[in-house]
Every structure is written in C-alpha cells, then in structure tokens.
Amino acid sequence: MVKKRSDVYSVEIYGTKDLHKTEIEDEEEKHKEQKGNKKKKKAEDLKKELDLDDHRLSPSELEMKYGTSIDKGLSSARAAEILARDGPNALTPPKATPEIVKFLKQMIGGFSILLWIGAGFSWISFGIQLAQGVDSAFDNLYLGVVLALVVILTGIFAYYQEAKSTNIMASFSKMIPQQAVVLRDAEKKELPADQLVVGDIVEIKGGDRIPADIRLIFTQGCKVDNSSLTGESEPQSRSCDFTHENPLETRNIAFYSTTCVEGTATGIVINTGDRTIIGRIASLASGVGNEKTPIAIEIEHFVYLVAGVAISIGVLFFIISVSMHYKILDSIIFLIGIIVANVPEGLLATVTVSLSLTAKRMAKKNCLVKNLEAVETLGSTSIICSDKTGTLTQNRMTVAHLWFDNQIYSADTSEDQTTQPFDQSSPSWTALSKIVTLCNRAEFRPGQENLPIMKRVVAGDASETALLKFSEVILGDVMSIRAQNKKVAEIPFNSTNKFQLSIHETDDPQDKRFLLVMKGAPERILERCSTIMINGKEEPLDSEKAEAFQTAYMELGGMGERVLGFCHLYLPEKEFPETFQFDTDSMNFPSSNLCFVGLLSMIDPPRSTVPDAVSKCRSAGIKVIMVTGDHPITAKAIAKSVGIISATSETVEDIAKRLNIPVEQVNRREATAAVVNGMELKDMSSEQLDAILREHSEIVFARTSPQQKLIIVEGCQRQGAVVAVTGDGVNDSPALKKADIGIAMGIAGSDAAKNAADMVLLDDNFASIVTGVEEGRLIFDNLKKTIAYTLTKNIAELCPFLIYIIASIPMPIGTITILFIDLGTDIIPSVALAYEKAESDIMNRRPRNKRRDRLVNQQLAVYSYLQIGIMQSVGAFVTYFTVYAEQGFLPSTLLGVRVNWESNGINDFEDSYGQQWTHYQRMYLQWTGYTAFFVSITIQQVADLIIRKTRRNSIFRQGLFRNKVIWVGIFSQIGIALILTYGLGHVTALNFTPLRFQYWFVAVPFAILIWVYDEIRKLLIRRHPGSWWDKNMYY
Amino acid sequence: MARDKEKRICGQVVAEWRAFLWDPRTRQFLGRTGSSWGLILLFYLVFYGFLAGLFALTMWVMLQSVNPHVPKYQYRLLTPGLMIRPCAEGLDVTFNVTQSHTWEQHVRALHQFLESYNDSVQAARNAACPAGRYNEQPDDAVPNYPKRACRFERSRLGPCAGLGPHGDYGYGSGRPCVLVKVNRVINFFPGKNKSINIVCAAKHEEDAALLGPLNLFPPNGTIDLMYFPYYGKRVHVNYTQPVVAVQFSNATANVDHHVECRLNAAGLRTDDERDKFAGRVAFRLRINRE
C-alpha cells in the first residue's frame, strides 16, 4: 500500500490552502445540523481535539509535556505503560453487528417467520392428535421438524453467503502491518506502527505513511500529501516552525494516515489511534446512517406481497373450512399446507445466489461489491458523482502540448505511450529536449528497467515526473544523458522565484562551455529572456514574438493545462572556464538575457476508456456529475474532453461571453452545463443547489472539498435520484456512506473510504462503474424472471389444497412434496435465469424509477399467479385424475370422499368398479397421485423456465441454447424428479412412489400450451406497444 | 407535535386507501376504471372459459380411453384386504351383554349387511354354481356380457345367520359373531385352484386360552372358489361377496381380546409390514359382563 501510494501524484496548479479552515468548520456545522444532539457532542469533541497547542510549544516544552527525550526517546518500560493506558495506535474498526445477531436475523427475516408459524401449528396439532391417540399424529411432528429445518438451512445458507462476501472485504482491511522507525532507549528501532505511543520520537522519510499525529521537530525538504484529510491535492511542505494558530494549518504537525511525499522528518507523537484527527473523522463517518438498498426495499415489498397472499388465502380458507364443519384441527393442518404452498421457500436463497454470482462477475470487471444488495443498487443508479483525479483521469501529470518554433504540438497522452508522434526534426526541439532532460531532479526508482516507462515509479513531484517520463519516452535513457552532462550547480524550485535552474557540462567533449538550463512559470522565464529560439536560431525577442508567446500561453492555459517555460544559455567559455566555481547563493553567473526555447504544458489526462463510458452513461439516462478539488478551468477542460460537458453545450458564462452580455442577464435555462465553484456552493442554500441540479444536465463542481460532496449527494437525493459517489479520501467517507452506493477507489482509496463504501473499484477506473451499472441492471431484470418463474408454481401447489378443502377429493399433493419442488427441482433453474443475457440494450433505457418500476409488480404477480399458474394447475390436475382413473377411481367417485378416504378404519373402500381398497392401498395411490402431480408441475416448470428467459422478445430471438446454464437447470430439474420418483420412491416417509412412465407426458401438452400462449403474449406486446395488452401483460 | 404528524400521516393513509378504493376524479375503482375492469373481467372470462373447456376436453378424452368395466391397473390390489362386520370405530367390537343398547347397533349393522344374503333373494337372483371351482364366464361373442353371480345363502352361517326372532348373532348371550369378508378385486383368482379359507386366532398365542374356541361358518371358514372371479359392478351386478362368520363361543369376559383373521390361500402373502389389512384383519373384542 505504501509503495502504491507513492506514485500517486496530483495536479498542482493552484493552492487551495485558504479553503481548509472554512471547510472543516463547514463540516462541523453540517454534522451538527444533521445529527442532533448526540452527534453535536461528537462534533464538539472534534473541535476540542482541534484545540491542540502542541504546535505552539517549543521542543523542550514538548519533552516536558510528554515525558520524553528528543535524543533518547521513551524508555521501553514507559512506552509499554502508555500503550497499556492508551491502547494500540490503530483506528477502532466500525462496530460490527455480532455474528449471532446476523444469524438470528436470517432465521426470522423474510418468509422464515411464516414457516415458523407453520412449524408451530404442526407441533400444536401433533400435540393435540397425540393426546387424542391418532395414529398419524407423528406426520405432523415430522412436518414441523422439516419446516424448521427448511428455515434453519436456508438461514444458514443466507448467513454463509453474506459472510463470504464480507470476508472478501475483510481481506482488504488486513493489510501488511505498517512499520515505523522509533527512537526508544536511545536506539533506533523498527516497530509495527500500532505499537506507537504518545511521546515516541519517530523518523519519517519520503514515501512513508505518517504513523500517528506528529509534531515535527526536525525536517529536511519534507512534503506531505494531505489529500486524504483535507482533500487538497497539492503536497504541503512541512517544517518545524509554528506558522498558524490552527493546528490543521500549521506546518509543524503531520497527520496520521497522510503520506510523506518527499524529504525526511523527525517528530514527537502527540496523538495515537482514535484520538488522531483522522480517527475523529472516521468515527463521525460511522454516524451517518446506512439507508436500505433499493433491492432490499424491493425484496421486502415482494415478501410482504407473497406473505399477504399466503395469510389472506390461509385465513380465508380457514374460515371456509371451519364453516364447512371441518374440525378446527383439520383446518389448522390445511392452513399449514396453504402457507407452505404459498411461500417460495427457496426463493430468497436463490436471490442471494444470483446476486453473489453477479457480484463475482462484477469483481472480475474490477467492481468489488461489499454488500450483495449493492449489486442491484448500482443498476438503478441515476446520478454518478465522480471524482476527477484518478477516476476520470489517469492520475498522473502528462505532457499534453508543446510550443516551440511558434507552433503548438500535441503530445500523446494515452496510458501506454511508447513513442511521441509530433515532429521532432527541428533543432529547437533538440535544445528544448535537453533542457527538459537536464533541468529536472526527478529520478526513476532503481530496479524497474523491465517495466513500461509509464508504469515506473519516480521519486519527484508530479510535473517533474511527467517531464522525466516524457523525455525518457522520446530520448531513451535519460539517466545516462544526465551523467554525460554533469551537473555542476543547481537552484531548486521555490515559490518565491518560481523557477528551477541548473548548470551542466556539455556532452560534447569539444565544447567546453557550460550550459545553463532553466524552467519555471512561463511569464517569469520570459522576463529573463532576451532572445527566442526559432528553428534552432536565436532571434531577438521582439514584441511580435512576445505576443505569439502570450497567445500560446493563454491557449494552453485555457485548456486547463499547467504550462512551464524553458530557456537556456551557453555560458561563454572565457568568463566561465572549466574550473569555475559556481555559487548558487551569490549567483555568480547570469540569470537574465537568456534564450527562450519553448513551452510545455501538462495535464492529468483522461483515461482513454472514460469518454466512451460517459457516453454510455448518457444513453443509459445516468447523469454524471464531476466533483473535483481542481480549478474550474482544468475541471471544465477535462469534463469537456471526456464528454461530461458535451461539445455543444454551454455554461451560463459561455453564453454570456458569446452574447457579450453580463452573466446575470443570461437565461439560465438555456445553459445545459454548469461549472459550480466550491466557494459558490458554500454560500448556496439547498434550494439554490436543487435548482442547479434540476436545471442543468451537465454539472461540474470544481474546487470542492470532500466535505461538500456530502452536500451534493444530499442535493441529488432530494431529487429522488439513486446516487453513486466515488471517493478515496478519509473525508469522503461521510459522502460514501450517505450515497445510495458509495464507491471507494481500490488503489488510491484510504481504508476509511473503503470501509464506508459499498463497493470498491479495483482499478480506480470510471469505466468499470459503467460495466457495473450494466450488470446491476441485468440482475434486476433477471431477478424479475427468477421471481416470476418461482411464483408460478406456487399456484399449482396451492390449488390442490383449495380444491381438496372445497371438493373433498383425496389430497392431490403433499406438503413434503411441495417442499421438494420449492427446494429441490426449482432451485437450479431459478439460479440459471441469473445467467440470462439482456434482451435488448439495457444501457439504452433510463434508470428504473424507484417508486414505479417495482421488482414484483402487479402484472408480474397476476400473470404468474392467475394465468400461467392456473394453466399449470389444470395440467397437473389432469395428470392427477388420469392416475386415479386408471387405478379404478373415476373423477366422479373422488368428489366428497375425503373423510372415508382418509379413515384408518375403513379398509373396504369401494372404487368406481366395485373393487375394495384397504387404507394403505388408498394411501399408496394417494402418494402416487402426489408423485404424478409433482412430476406434472416439474414438466410444466420446464416450459415456465423457457418462457421466462425473455419478457418481451421471442424465445427464438433470444436463442434457446445461448444460456447453457438454463439447460443445466432443465436437466437437473428432470434429474432430481427422476431420482425422487424412482430412487427414493420406496422411502414411504417422503411420500414418493415409482410412477408409470406415461404419466410423465400427460402434462406435456399443457407445457407446450404455456409456451405457445406466452409467445402470443410477447408477440402482441411487441406488435402493440402501449396497448391495453401491453399494459396488463408486460411485467 | 409528534402526535399531530402521526395523525396527519394516518389520515393520509386512509385518504390514499379511499382514493384507491374509489377515485372520483379518474372514476377508478381499485385502481381501474369501469371499462378497464370490464375488459380485464372479459379477458379472464374468456381465458378461464378456454381453460375450463380445455380441461373438460382433456378429461373427456382421458375418460374415453378408460375401460368402464375393468380398471387399467390393478397392481395395487394383488393382495385383497380383509374386513370385518360389524365394523365399529377403530375395529373395536366392545359391548356389554346385559345392556342391550351397547350391542343393538352391531346387530342392526349385521342385519343390514346380510339382507341381500337372504336365501329368498339369493334364490331369486343368483345361480347355483358348481362348488370347488372358479366360476369363470368368458366373453365369447359379446364383450362385457352381464355375468351371473353365485348364491351365498345366509343360512349357511348357522347361528351367525341372525335368523329367527332372536337373531341377535349371539350378542345377547355373550357369544358374539363377527363376519369376515374378503375385499372384491376384479379378475382375482385366489388359491391357485386349491380351496381357500379364513383362519382366525388370538393375535398372541398365549392369549388363546382366554379367547376360547372359535366356531367358523361355513365350516373351517372355507370360502368356495365359485365366488371368484369378480367381474366388476357393471357386469356382475348381483355379485354376492362370500363371508365367513366367526363365533366366539366362550370368550373370557371383561378382557381385551386381540383377534386376527387371515385369508389362507396358496400364493397369497399376508405379512405385508405396511398394510395391516392385506389378506388379514386384526380387531379387538371385549365382552363386558357385570
């Protein structure tokens, strides 16, 4: 991780220092407002914590305060004492729900409660029957046990699935333990960072992560990247000086979890673990409530619907059976049957499996989903608030344009460049390339010769890195060029003179002159030049040429690029002989009247896959909002280049400029795009923000802090949108939590962000979000199909009970048999539907409306229950009557026989032919009936499975064989039915009997009818979109 | 404050439901307008009408394929069940000799059962068949030609025939009769041409002494082969099921007797674990005396 972080550079164009203070206060205020008293206290705590005075104290005062010595450090014994008092230096992970609670939740969630009721009733009736001495009492005991087992097993399964997906995440948090160099007992020791205590003296060098909040007492060129804390992208220099009252502003404190970019420092640990600033913020983030995911709401809605149907039919028929003078006990047993028939026992497990299959598929596409339900949330996303740096862009400065010989050249900014295509024949370029190569302190870290240049890790700041890589790509081995042009003197860049200068020997052995090279802010460089190089020749810098320079500078700056100017001077050999001693302090060499050579401009370029992904989002009806800490011009330039702001749209400012009128007079509605500055956002009321979000379709928020992200997310949610937010810093975590789906960056993201997020983007690439959206939408469609498939046969399971009660026929299907369908034959086929390909381009329709587009809508339920379900019941009943008729009981004989049929004492029950049956012979026939009914449902479920492959298109267009898993499902379904019928047909407890082969085919015509009917339905839907048929039959 | 809010929310819910039930603005009842309801009801009328028709059609086709005289499969009835009369709840024949109301129902049931066995009825309806062999009546030219049944005269049951003014089947005297009959199964030829009979005994051998001697009528509990085969109720209208009467002439009173009767016929298994009535019947007898 530490190593990874070191190649993270950000754009450094304008400082954002003046923003921090207000932002942090903003955040506090916001949290206060939002979370009422309890949270207010927390925020107060944070404020108090910020009242650090360590930055004001002198080193000796600090030594006193913390009982330590800067030379010797703490003693091991003292350190152990403090460690025992304060605890380890680590953030407390967010409080996890106890495992047992999670487990119990699975046991009572969803349909489980209904099944528990069923099991309870079974045991009650067992108790009553046992007391009455009824022989078959134990059947009810077993049924109760089976129901309880079903609940427990599906509960364990769901729990296991959930645990598995959490485990993927757990692996993330277990990173290599960080080490820190600590002075203890007057010795330097390397300790795990969590062993640090207050008062420890630690040493930090470039590339390290700061192991705790540290008051610096010695620094050397130290710079830290505070972006994960404050969101500012520019590395901040650190020194021992007390520069600001605000501890967050002062230079002499380095914060936990930020990174030291370069230089070294030594400091005293002043805060550890949760008491660090980051720890405070992390605990605030955990206070932002998690909202229910859309799919959780959908499933809840579906569970209510099915449970409602189950309970109302159950109660209705309880009343009917009581009023038909059935015994109360019998009525209760009917009720159990109705509940079991109505509840799709296997469905929730199937949904879980489907979601985790999709999660796996998404992980392959670099979207790691922490929470299974987030899979679908991504699909219903209607707004994506994306970071710019690293997500939309490559997160590295790259040379984009060059200007020399009065001409602008474009450079290749793609991720895997190996050459540069622009014209390199001009001698001016040779001179420019030499300056670029020499006037640069950045170096490749050793041992990376085999890596592509663009992937190599560099020690140095972002723009120097860009220049180094640029010259390495064009010129080859930069380090050897530098070695041949030995550096004799150097003035590093600083913010007062805004240039960098170095003096080199030349690589031409004949030429004994020194070469002075200089780069820096273009206007400053130009000031120092008197000539300009055109086609290799020095020409005087007249006003015309200066004008050309200005134009080029403005043009490059206008593209949001960071522009650097380059100049050089060959020092005359006479004045500066080989032995000349250069002194950079007294500047005993010329630094004006130089020769201007050219300009280079750099930008963090967009990832090459992003423009395509953005346009996909647009066609998918997803609004992409860019939220960045960068300057509006850069933000807008990137937004334009990736298509977040499309080529034709204009902002209010653009219109004002075009029409030459003041900004206030522009009709805001004409502007489709908006670039909102963080400063403006701060002063906006939520109504104003809402107006911006409503009126503009293309929005860029620039110069925003991570804290303002939360405001933006809330604004989007007020519009009723499902919001996805990307983030990497610790300060992003409240926004990530607040968002419907928080997406953390896998590479650049901090642990806190990953903790708060629902999803981790392994490659930090925006395009991966879009593939995630596609998968999410597909799974929503496929879950619809799965549920429709599963619900259908519930009617075929329910009808037998209802007809049994009303017509008093022998029981057509047993409760246990129903469970074998729900949890046996139907499971694999319903999972197989999760593999179904999309029917049409799902990225060409709008995101689903949370309120209107339900997972289980009325049409789906009605079509499954009242049409296909009834057809299945008819087919199954035909089989049932056929079996009984061929054994001697014609349908007319069966009506009203229930009491005698089930009586144990009647062993000469007469059939339609005058034959007499014992009770067991009848029961065996009844089980054969169960088996026949079961087989018929299975056969018709094959047809049901096939028709559910599509909702609108013909099956033949979708392809019968494209989804192979469906066929696995069909074969498994039939295979399980065969095993149950012929393999377990002799186990009486399961109520299966071997079935004559021809009965497998009785329901086949009905299966074909189901298929044909559904094809007709789809045909009419396609032919008459928007018609009555479409409205009522399309689910 | 909070209560106000709740009230309003509650009121809203009621209003929403009312609007769902009947929305006067869009004239919608339960979310559909009148014409929409009409269409949907018409659709389901047609749809279910079609399904009902289809069901009726397939059932009709199926019934056409079913032979009305002999069922297609009889493999579940390879061993016919045995049953007793009187057939009290739970096969439990319990009565008190001195209290006539406890056994009158049994007597009534037996009278009713044996009515069709009256000698006069048998003589009028059925034929006297040659004893000792199956009464096979093959269809020669006319299929399913009505079959003649063989006579089983009630008088053959001796004291258990229940004839005469005191025809109480021995219940009044504490020597009760129980009738055992074999379930009718079409085309069933028991005993492989050898004579078959019903054997009764105490279920547990050690109880045999308490149960005392059993008298079987017809003698030896023989069932004549002429009563087989049965041709089904359509063609074998007057078929009289053979019965065997068991008289418990000296059963110990006030004791539960567990009696088991088996059909003793060659090639017939009577030890099916699961079906307690296949070729056998077990019942409880208790004669109470004060």
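How much area is buried between chain A and chain B, and what percentage of that area do carbon and sulfur atoms give? About 4000 Å² is buried there, and carbon and sulfur atoms give 59% of that area. Keep in mind during this tour that you are looking at a predicted model.

**Stop 1: where the chains meet**

Colour chain A and chain B differently, then select the residues of each that touch the other. You should find 46 residues of chain A in contact with 46 residues of chain B. Between the two chains there are 21 residue pairs in polar contact, with both residues at pLDDT 80 or more. On the chain A side, the elements that give two or more residues are α30 (858-887), β28 (916-917), α33 (919-947), α36 (1004-1023) and α37 (1028-1033). Select α30 of chain A before the others: with 14 residues, this helix gives the most to the side that touches chain B. What kinds of residue make up this side of chain A? They divide into 23 nonpolar, 18 polar and five charged.

Next, look for salt bridges across the boundary; the count between chain A and chain B is four. To see one of them, select B:Lys181 and A:Asp908 and show their side chains, which meet in a salt bridge at 2.7 Å from N to O.

**Stop 2: a salt bridge within chain A**

Over all chains, the structure holds 46 salt bridges. One is made by A:Lys434 and A:Asp507, whose closest N and O atoms are 3.3 Å apart. A:Lys434 sits in helix α14 (residues 427-438) and A:Asp507 in the loop between β15 (499-505) and β16 (514-520), so this pair ties together parts of chain A that are 73 residues apart in sequence.

**Stop 3: A:Gln106 and its contacts**

Now select A:Gln106, in helix α5 (residues 99-108) of chain A. Which residues does A:Gln106 contact, leaving aside neighbours within four places in sequence? They are A:Ser112, A:Gly155, A:Ala158, A:Tyr159 and A:Glu162. Try a distance label from A:Gln106 to A:Glu162: the two are 56 residues apart in sequence, and their C-alpha atoms are 10.0 Å apart in space.

**Stop 4: A:Ser323 and a long distance**

Move on to helix α10 (residues 294-323) of chain A, where you will find A:Ser323. A polar atom of the A:Ser323 side chain lies 2.9 Å from the backbone oxygen of A:Ile320. Then draw a line from A:Ser323 to A:Val224: these residues are 99 apart along the chain, and 81 Å separates their C-alpha atoms.

**Stop 5: a nonpolar patch on chain B**

Switch to a surface view and select B:Val13, B:Trp17, B:Phe20, B:Leu21, B:Trp22, B:Phe29 and B:Leu30, which make a nonpolar surface patch of about 700 Å². Helix α1 (residues 2-21) of chain B gives the largest share of this patch, four residues. B:Trp17 has its place in that helix.

**Stop 6: backbone details**

Go back to sticks for a look at some backbone angles. In chain B, the peptide bond from B:Phe217 to B:Pro218 is cis, with omega near -10°. B:Pro218 is in the loop between β8 (214-217) and β9 (222-223). Another cis peptide bond runs from B:Phe228 to B:Pro229, with omega near -5°, and B:Pro229 is in the loop between β9 and β10 (243-248).

Finish in chain A with A:Arg703, in the loop between β23 (698-702) and α24 (706-718). Its phi is near 55°, a positive value in a residue other than glycine.

Terms used:
Residues are numbered from 1 along each chain as its sequence is written. Chains are lettered from A and ligands numbered from 1 in the order in which they are written. This is a predicted model: local features need pLDDT of at least 70, side-chain atom pairs count only at pLDDT 80 or more; totals for chains, interfaces and linings use all residues. Side-chain values use heavy atoms; hydrogens and water are left out. Contact means heavy atoms within 4.5 Å. Buried area is the accessible area (1.4 Å probe) that two parts lose on being put together, summed over both. A polar contact is a pair of N or O atoms within 3.5 Å; within protein, one must be able to donate a hydrogen and the other to accept it, and residues adjacent in sequence count only if both atoms are side-chain atoms. Ala, Val, Leu, Ile, Met, Phe, Trp, Tyr, Cys and Pro count as nonpolar, Asp, Glu, Lys and Arg as charged, and the others, Gly among them, as polar. Patches are made of residues with over 30% relative accessible area and no salt bridge: like charges are joined within 9 Å, nonpolar side chains (Val, Leu, Ile, Met, Phe, Trp, Tyr) within 5 Å. Accessible areas come from the Shrake-Rupley method with a 1.4 Å probe; for residues, only the protein chains shown count as cover.
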